[in-house]
Amino acid sequence: MMGGDVYLGYFEQIIIAVSSAVILIASLAWGDVVKKLQEMYFPLEQGETIISQIIYACILTLFAILSQVFIFKKLRKKIEDKKNNNSS
């Protein structure tokens with residue numbers, strides 16, 4: 001079923017775009033909150049602030065990458081299961 005494959009390809013691309021947009025919006029929304037919490041609970045000198053922000057950005061980036069890998073593995077498995085069910 002070539003039409004089904006095209007549909008699943010479009011569906012996969014839409015899921016990727018929507019999840020990326022949601023992650024961007026969420027990270028922008030939480031950025032200011034985390035900055036305020038950092039200033040409140042960890043008041044640091046000017047030079048130390050950039051180091052803590054770099055560490056925070058690295059940890060957040062790693063978390064975002066790992067969560068996306070997990071989500072896309074699950075999505076890929078679902079799509080492959082759907083393809084296998086359609087071809088049977």
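Lys-77 and Asp-81 both belong to helix H2, where they stand four residues apart, about one turn of the helix. In this predicted model, the two residues form a salt bridge whose closest N and O atoms are 3.4 Å apart. Side chains of opposite charge can pair when their charged atoms come close. The structure holds one salt bridge. Asp-81 has a relative accessible area of 34% and is therefore partly exposed, since this value lies between the limits of 20% for buried and 50% for exposed residues.

**Overall architecture**

The protein contains two helices and zero strands. Helix H1 covers residues 2-41, and helix H2 covers residues 46-87. Of the 88 residues of the protein, 9% count as buried. The accessible surface comes to about 7600 Å². Carbon and sulfur atoms account for 70% of that surface.

**Residues far apart in sequence**

Two pairs of residues illustrate how positions separated along the chain are placed in space. Leu-8 is found in helix H1, and its partner in the first pair is Ile-79. Leu-60, which lies in helix H2, is paired with Ser-27. The table gives the separations of both pairs.

| Pair | Separation in sequence | C-alpha to C-alpha distance |
|---|---|---|
| Leu-8 and Ile-79 | 71 residues | 7.1 Å |
| Leu-60 and Ser-27 | 33 residues | 9.2 Å |

Leu-8 counts as buried because its relative accessible area is 8%, under the cut-off of 20%. Leu-60, by contrast, is partly exposed, with a relative accessible area of 37%.

**The largest pocket**

Rolling a probe the size of a water molecule over the atoms shows where empty space is left. In this protein, the largest pocket has a volume of about 190 Å³. The elements that give two or more residues to its lining are H1 and H2. The largest share of the lining, five residues, comes from H2. Both Leu-60 and Ser-27 are lining residues, together with Ile-23, Ala-26, Trp-30, Tyr-56, Phe-63, Ala-64 and Ser-67. By character, the lining divides into seven nonpolar residues, two polar residues and no charged residues.

**A nonpolar patch on the surface**

Trp-30, listed above among the residues that line the largest pocket, is also part of a nonpolar patch on the surface. The other members of this patch are Val-33, Leu-37, Met-40, Tyr-41 and Phe-42. Together, the six residues have about 710 Å² of accessible area. Met-40, one of the members, is located in helix H1. Met-40 counts as exposed because its relative accessibility of 54% is over the cut-off of 50%.

How values were computed: Residues are numbered from 1 along each chain as its sequence is written. This is a predicted model: local features need pLDDT of at least 70, side-chain atom pairs count only at pLDDT 80 or more; totals for chains, interfaces and linings use all residues. Side-chain values use heavy atoms; hydrogens and water are left out. Patches are made of residues with over 30% relative accessible area and no salt bridge: like charges are joined within 9 Å, nonpolar side chains (Val, Leu, Ile, Met, Phe, Trp, Tyr) within 5 Å. Accessible areas come from the Shrake-Rupley method with a 1.4 Å probe; for residues, only the protein chains shown count as cover. A salt bridge is a side-chain nitrogen of Lys or Arg within 4 Å of a carboxyl oxygen of Asp or Glu. Buried means under 20% relative accessible area, exposed over 50%, partly exposed in between (1.4 Å probe, protein chains only). On a 1 Å grid over the protein atoms alone, a cavity is a set of points where a 1.4 Å probe fits but cannot get out, and a pocket is an open set with protein on both sides within 12 Å along at least five of seven lines; lining residues have an atom within 4 Å of a point. Grid points are joined across faces, edges and corners, and a volume is the space filled by probe spheres set on the points. Ala, Val, Leu, Ile, Met, Phe, Trp, Tyr, Cys and Pro count as nonpolar, Asp, Glu, Lys and Arg as charged, and the others, Gly among them, as polar.
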